[in-house]
Amino acid sequence: MPFGSFKVALLGSGGGGSVDPFVAWYAYDDAASVDTRAGSFKRFDDDDNFVLAGYTEKTNDNNWWMYFLKIDKEGEVLSTNTANIGNTSSGGQTQLIVYSDSTYGWWAGGNYINSSGYATMELTRWDDQLAVSDGDATSATYYHRGGYPFTSFNSHDYAVTSTGGLVVNMGTSNDPPRFLQQSYVYDSYANYRYEVSNQQFERTNSLNTLVRAAHGSYNNQCYGGGNTVYDTSDFLMSVYGQGSSGYNPYVSRCTDIMSVYGNGYKMSSSNGAYNCAGVTILGHQDSTDWYMQILDIGSNGYDTSILKMTDFPTTYGSNFTYAWKKAFRPSSTRTNYYPVWSSDPITDSSDNVYQLNTFYNATDSNKREMFLIKRNSNGTIQWVNQIKWNSTAGNNTNSFGYPVLQLNKAEDMVYLNCDTQTLYPQPGYRYRNLVFCLNADGSTSGNARFDDNWNFDIAEFTTYVDETSTWSDEGAGINLTVGFSSNSYSGNGSASPAAPGVNGNTYDEAKLAIS
Amino acid sequence: MSVQIFYMGPDGEYPRFAGDIQEQYPDWKPDQPVPSDWREVEVEDRFEIEGRLTYPEGKTHEDSSPLSEKVYVPLAPTFDAGAGKWVQSWVIETVEWAEDTLLPPHERP
C-alpha cells in the first residue's frame, strides 16, 4: 500500500463557534510508515482551508519526502502532494511554508540531504497548485556554506531549519517580496559548534546575503530561535546562545539589505541562574509592536515568558520599551513543569495573543502536556486550555513537537497543529501529524478517543501561576558573546530537476469530535 | 540613546510595565503622567564592563570556553530626592560558567 488508504472516523459532536471542535490525525501509509512529522501549518484562504506541511518516510524507498496536505475547516483532506528534491535522495526533513501572493506563489523552506549524506538548506518555489495533487515546483535551490570558516560540509555537518524560520516581507506594493530563512548548522570544521544562518532570498530564488550568528568562544553553541517581519522593510532575527548560567536569547533587527542595526540585543533574567531553552518572536508589517517568547529553565525554576515591546530601536545602546512582561507556569511548584516546545505566538485583530507551550510534567512520569493560553492586549490571561494524552489505556505519548497556531477568518476557532509519537498501537513508535480545532473562547472541554486508543483530554486549566517576567534586555551592542555578522555565501546550486509533485497519493486520516 | 522607563506598582511591585497600569487604568497612555498610586522609575544605563569574560591562563576565546562572566544585577529602585525621581541602578557580579550544554528541541529526549 504505497500511498495508504483514506479513512475518516467522526464520532460525537461538540459546539461553540463556526466549527464543532475536533481533533484529527494524518499519516502517510500509516500501516507501515511510522514517521509523519509536522512542520508548518497555514490558513490557505478565506474559506478556512488550511495547508499542512511536514516530512514523512516513504516505505517504498526509505527516503524522506516533503508533503503538503490541504484540509478544510472540518479537517477533511481535500488534496495531497508529496515531493522530493533533486530525485537524488531524501529531502524535506523540515518543512516550513509561506505564501507571498498569487504572483509569487508558495514557498517551502527546509533542509535537504544530498546523495552524499550532507545536509544543506533548500528553498523551493511552488506554483499555486502546491496544495493539490500533482502541483508543480517551479524552481528549487539549495545552499551550503563556503568560504572561511566553512570550506565545505563534511559528514559531521548538518543543517536544520528552525521553526518560525521562514518568513516573507511583502514590502510596498511596487516591491517584490523578500524571504528570510533561518537554519542552524552543526559545524564540525569551526570548533564543533552550532551557529545560525539567516539567509535572504529574492523571489527569483537568488540568495542575496546572509547574516550569521555564532558564539565568540571556542566550542560554544548557538541555536536558531526563529525570525519575523518587523515593518515593511525590516526583519527581526533571534537565536539563543551559551552564557554563564546556561543560554541567553539574542535578537537583532536587520534592514532589507541585511545590514544589522547596531548589534544584537542580549536578554538576561534577574531571577537567579537563568537558562533559556528556546525563543520565538512575532512582529507585524503594519505595527511596531512585537513579541518575544522565552522558555526559561533556570535553576530557580521553570516558566514560559512572553514580552511585548512597542518598538525596536535602531540607536546603538538603546533599550526596548516594554508594554508588558508575563511568565506562565502550570504549577506553583517551580520545577514541576519543564518547558520544551512553543509555537510562535499569534495575535488576532484585537491584539489578543495566543500562546502554545508544551511541558514535561515531572509529577506524571515526564509526560508531555500542552497549554494553549489566550491573553488580552494588556497581557492578562483570559483562559488556558490543557491538552494531554489520556493514559487510562496504558499508552503514553512523546513529543507534541513543532506546534503551530492559526485562527480561522472569523477568529472564533483556533487551530493547533503539532506531531506526536506513541508507543501504541503496534508496530511501536509512531509519529502522526495532529490538528486540534478548539473554540477561541476557551470553552472546549472533553475527550476524543480514536479506535486505536489514541486518546486526548482537553479541559480548562485554572491552577496556573502568571507573574511578571524577569527577562530584560541589556541594551544593544553591550559586550555580546554571540554576534550577528554579514557574510558572503557560496557553494550553492539549483536542484535538478526541480521537484515535481507526485500525484495519486492519499493519506490515512482519522477525525474525532471532542465530546 | 533613550532612557529606559519601568514602573513601580501601588504596593511597591517592581518592575511593572505600561500594560500593568492599563489593566488598572484602561484609558491611561504611556506618554501621560502616571496615575497617583504608581511610580515612574528611570533605569540607569548599563556601563560597559571591561574584561567581561575570563579565560584560563594562556587561553583565549579561540581555544577555550570562559571560566567566568561578569553580569549586571539590578538593585531595588531608590528615590533620588535631588532629582525628584525614582531610579534603578546596577551592580556587577561575577558568575562561574555552567558546564551544561543544551540540545536543540528536535534532539531532546
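Here is a conversation about a predicted model with two chains, A and B.

Biologist: Let's begin with chain A: how many helices and strands does chain A have?

Modeller: Chain A has 37 strands and zero helices. Of its 515 residues, 56% are buried. Among contacts between residues at least 6 apart in sequence, 62% join residues at least 24 apart.

Biologist: And what is the pattern of chain B along the sequence?

Modeller: The pattern reads β-α-β-β-β-β-β-β. That gives one helix and seven strands in chain B. Buried residues are 17% of the 109 residues here. For contacts with a separation of 6 or more, residues 24 or more positions apart account for 48%.

Biologist: How do you know how chain B compares with a compact globule of 109 residues?

Modeller: We set two radii of gyration side by side. A compact globule of 109 residues would come out near 13 Å, but chain B has 20 Å. The value for chain B is therefore not the one the globule rule gives, which is 2.2 Å times the number of residues to the power 0.38. Along the principal axes, the C-alpha atoms of chain B fill a box of roughly 55 × 45 × 25 Å.

Biologist: Why is Asp48(A) called buried?

Modeller: The cut-off for buried is 20 or more other C-beta atoms within 10 Å. Asp48(A) has 21 such neighbours, so Asp48(A) counts as buried. You will find Asp48(A) in the loop between β2 (36-43) and β3 (50-57) of chain A.

Biologist: What makes the phi of Asp48(A) worth pointing out?

Modeller: Most residues other than glycine have a negative phi. Asp48(A) is not a glycine, yet its phi is positive, about 65 degrees. Asn366(A) is another residue other than glycine with a positive phi, near 60 degrees.

Biologist: Is Asn366(A) buried or partly exposed, and why?

Modeller: A residue is exposed at 12 or fewer neighbours, buried at 20 or more, and partly exposed in between. Asn366(A) has 14 C-beta neighbours inside 10 Å, so Asn366(A) is partly exposed. Its place is the loop between β24 (353-361) and β25 (367-375) of chain A.

Biologist: Why is Gly317(A) called partly exposed?

Modeller: The reasoning is similar. Gly317(A) has 16 other C-beta atoms within 10 Å, and partly exposed is the class between 12 and 20, so Gly317(A) belongs there. Gly317(A) is in the loop between β20 (301-309) and β21 of chain A. From Gly317(A) to Ile97(A) is 220 residues in sequence and 35 Å in space, C-alpha to C-alpha.

Biologist: What makes strand β14 of chain A mostly covered?

Modeller: Eight of the eight residues of β14 (residues 222-229) are buried.

Biologist: How do you know that β14(A) and β15(A) pair?

Modeller: Pairing needs at least two bridges, and seven join β14(A) to β15 (residues 235-242), so the two strands count as paired. They run antiparallel. One position to look at is Asn227(A), which stands opposite Met237(A) in β15(A). A hairpin of five residues joins the two strands.

Biologist: Which strands form the open sheet in chain B, and in what order?

Modeller: The order is β1-β2-β6-β5, and the pairing is mixed.

Biologist: Why are β1 and β5 of chain B called edge strands?

Modeller: Each of them, β1 (4-8) and β5 (78-80), pairs on one side only. From one strand to the next, the twist averages 45 degrees. Inside the sheet, β2 (residues 39-43) and β6 (residues 85-88) pair in the parallel sense over three bridges. Val41(B) has Trp86(B) as its bridge partner in β6(B).

Biologist: What makes the bond between Tyr14(B) and Pro15(B) stand out?

Modeller: Most peptide bonds are trans. The one joining Tyr14(B) and Pro15(B) is cis, with omega about -5 degrees. Pro15(B) sits in the loop between β1 and α1 (18-24) of chain B.

Biologist: Finally, how many residues does each chain bring to the contact?

Modeller: Chain A brings 40 residues and chain B brings 38. On the chain A side, β18 (276-284), β21 (322-329), β22 (337-342) and β33 (471-476) each supply at least two residues. β21(A) gives the most, with four residues. By class, this side of chain A has 24 polar, 13 nonpolar and three charged residues.

How values were computed
Residues are numbered from 1 along each chain as its sequence is written. Chains are lettered from A and ligands numbered from 1 in the order in which they are written. This is a predicted model: local features need pLDDT of at least 70, side-chain atom pairs count only at pLDDT 80 or more; totals for chains, interfaces and linings use all residues. Two residues are in contact if their C-beta atoms, placed from the backbone, lie within 7 Å. Ala, Val, Leu, Ile, Met, Phe, Trp, Tyr, Cys and Pro count as nonpolar, Asp, Glu, Lys and Arg as charged, and the others, Gly among them, as polar. Axes are lines fitted to C-alpha atoms, for helices over the stretch in contact, and angles run from 0 to 180 degrees between N-to-C directions.
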